[in-house]
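The exercises below are meant to be worked through with the sequence and the coordinates open side by side. Each task is followed by a solution that goes step by step.

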Amino acid sequence: MKTRIARSLPIYIGLAPFFVLLIVFVGTPMVYGLAMSFTDWSVSSRSTLHFVGLENYLYILSGEGLGSTRFLKSLLNLAVYVPITVAIGLGVSLGLALIVHNLPRRFQSFLRSGFFVPTAIPLFLCVGIWLWLMDSENGLVASNLAKLGIGVDVNWVNTAGWAIALIIFIDVWHSVGFNFVIFSTGMQEISEDLYEAADLDGANVFQKMWNITIPMMEPIIFFVITYSLISALQVYDIPQILTSGSDPNSVGGPNQVMLFPVMEMVRNVRIGGEAALGRAAAEGVILMVIIIAVTFIMFKLRRKKV
């Protein structure tokens, strides 16, 4: 036993800082937020909290009152935004990585750097670029889409449906370079012997992609999908920049066309009011449960597939 402890002690000492930071900065806030979600916590009642049980949750999910209707609308927007964003982002980044992987090596480094540029641009600048491109009168992308009959005379920021499409455009453009680099790096780790054996069997480029590259990339594809889902469920920056103003209730745009759960949580904190912080904590718990559930389902599906 002493020998085993002596061998394992350096490993545990090396891991200790990670677990300490995890407990302090992740575990403790999660437990504290969960506890506060069952109270009437607000800016004016920090010193005199009262246990209210499930009252905050019942209000949020009741559909009655401004806070409840806004949060339910944010969940509906999230249900539309997440699958479309993840599917398009995965398809574009994986497609680009497959194309670049089959190009001559002298082009690969240049293209990898070029595709990663949008990811390196500050997000507020990305939003500004796309607002200019999607201007209904003079925007380069919006005007060309209008010629194809798409989004004619549409205000892309304030119109339901089109507003979420604008967020998807910006998010995919900004994040596709990150996923592309991950896919591209993973493809470089695939043994060339597999491709040489496929060449001897007469396989073409598409057969090698489908039967070698994509199956060998399965762990990386799984990681990218899971990471993208978790990130999309926490969407905040892009719609917040597009719709933020002096009035907290203006966040999300007219009729909450761009409202998402994290934005509604922040609005509750800003406006204060009775049990506002407790309701924000309850909304955070609901979002956390959704994220955990999605992650659990992803791992269960992968285990069944394997």
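Contact, as the word is used in these exercises, means heavy atoms within 4.5 Å. The model is a predicted one.

**Exercise 1. Determine which residues Ser 93 touches, leaving out residues up to four places away in sequence, and describe its setting.**

Step 1. Begin with the location: Ser 93 is part of helix α3.

Step 2. Turn to accessibility, for which the cut-off for a buried residue is under 20% relative accessible area; Ser 93 has a value of 0% and is therefore buried.

Step 3. With residues up to four places away in sequence set aside, the contacts of Ser 93 are Val 176, Asn 179, Phe 180 and Phe 183.

Step 4. Finally, look for a polar partner: a polar atom of the Ser 93 side chain lies 3.2 Å from the backbone oxygen of Leu 90.

**Exercise 2. Describe the surroundings of Ser 74, stating whether this residue is buried or exposed.**

Step 1. Ser 74, too, is located in helix α3.

Step 2. Its relative accessible area is 0%, so Ser 74 counts as buried.

Step 3. Beyond the residues up to four places away in sequence, Ser 74 touches Leu 259, Phe 260 and Pro 261.

Step 4. Pro 261 can then be followed into α12, where it is buried, as are Val 262, Met 263, Glu 264, Arg 267 and Asn 268. Just after α12 comes Gly 272, with a positive phi of about 65°.

**Exercise 3. Identify the members of the largest nonpolar core that touch the most other members, and find which helix gives the most to this core.**

Step 1. The largest nonpolar core has 41 residues, and the members touching the most others are Tyr 81, Val 82, Trp 156, Leu 166, Ile 170, Leu 242 and Met 258.

Step 2. Assign the core to helices: at least two residues each come from α3 (66-101), α5 (123-133), α6 (140-147), α7 (162-188), α10 (218-233), α11 (237-243), α12 (261-271) and α13 (276-305). The helix that gives the most is α7, with eight residues.

Step 3. Take Met 258 as a worked case: when residues up to four places away in sequence are not counted, it touches Asn 77, Trp 156, Val 157, Ala 163, Leu 166, Ile 167, Pro 239, Leu 242, Thr 243, Gly 252 and Met 263.

Step 4. Keep this core apart from a second, separate one of 17 residues, which includes Leu 94, Ala 97, Val 100 and Val 224.

**Exercise 4. Describe the largest pocket and the second largest pocket by volume, by the helices that line them and by the character of their linings.**

Step 1. The largest pocket holds about 460 Å³ of space, and the second largest holds about 380 Å³.

Step 2. The lining of the largest pocket comprises 22 residues, with Asp 171, His 174, Ser 175, Ser 231 and Ala 232 nearest the centre. Helices α3, α7, α10 and α11 each contribute at least two residues to this lining, and α7 gives the most, with six.

Step 3. By character, the lining of the largest pocket has 11 nonpolar, nine polar and two charged residues.

Step 4. The second largest pocket is lined by 18 residues, of which Met 265, Gly 284, Val 285, Leu 287 and Met 288 are the closest to its centre. At least two lining residues come from each of α1 (2-36), α12 and α13, and the largest share, seven residues, belongs to α13.

Step 5. The lining of the second largest pocket divides into 15 nonpolar residues, three polar and no charged.

**Exercise 5. Locate Val 294, and say which residues it contacts beyond its neighbours within four places in sequence.**

Step 1. Val 294 belongs to helix α13, and its relative accessible area of 27% makes it partly exposed.

Step 2. Apart from neighbours within four places in sequence, Val 294 is in contact with Leu 229 and Leu 233.

Step 3. For Leu 229, the separation from Val 294 is 65 residues in sequence and 8.0 Å in space, C-alpha to C-alpha.

**Exercise 6. Examine the backbone phi of Asn 255 and of Gln 256.**

Step 1. Recall the general rule that most residues other than glycine have a negative phi.

Step 2. Asn 255 has a positive phi, near 60°, and Gln 256 likewise has a positive phi, of about 55°.

Step 3. Asn 255 is in the loop between α11 and α12, and Gln 256 lies in the loop between these helices as well. Asn 255 is counted as exposed, at 61% relative accessibility.

Key:
Residues are numbered from 1 along each chain as its sequence is written. This is a predicted model: local features need pLDDT of at least 70, side-chain atom pairs count only at pLDDT 80 or more; totals for chains, interfaces and linings use all residues. Side-chain values use heavy atoms; hydrogens and water are left out. A nonpolar core is a set of buried Ala, Val, Leu, Ile, Met, Phe, Trp, Tyr and Cys residues joined through side-chain atoms within 4.5 Å. Buried means under 20% relative accessible area, exposed over 50%, partly exposed in between (1.4 Å probe, protein chains only). Helices (H or I, at least four residues) and strands (E, at least two) are DSSP runs, numbered from the N terminus. On a 1 Å grid over the protein atoms alone, a cavity is a set of points where a 1.4 Å probe fits but cannot get out, and a pocket is an open set with protein on both sides within 12 Å along at least five of seven lines; lining residues have an atom within 4 Å of a point. Grid points are joined across faces, edges and corners, and a volume is the space filled by probe spheres set on the points. Ala, Val, Leu, Ile, Met, Phe, Trp, Tyr, Cys and Pro count as nonpolar, Asp, Glu, Lys and Arg as charged, and the others, Gly among them, as polar. A polar contact is a pair of N or O atoms within 3.5 Å; within protein, one must be able to donate a hydrogen and the other to accept it, and residues adjacent in sequence count only if both atoms are side-chain atoms.
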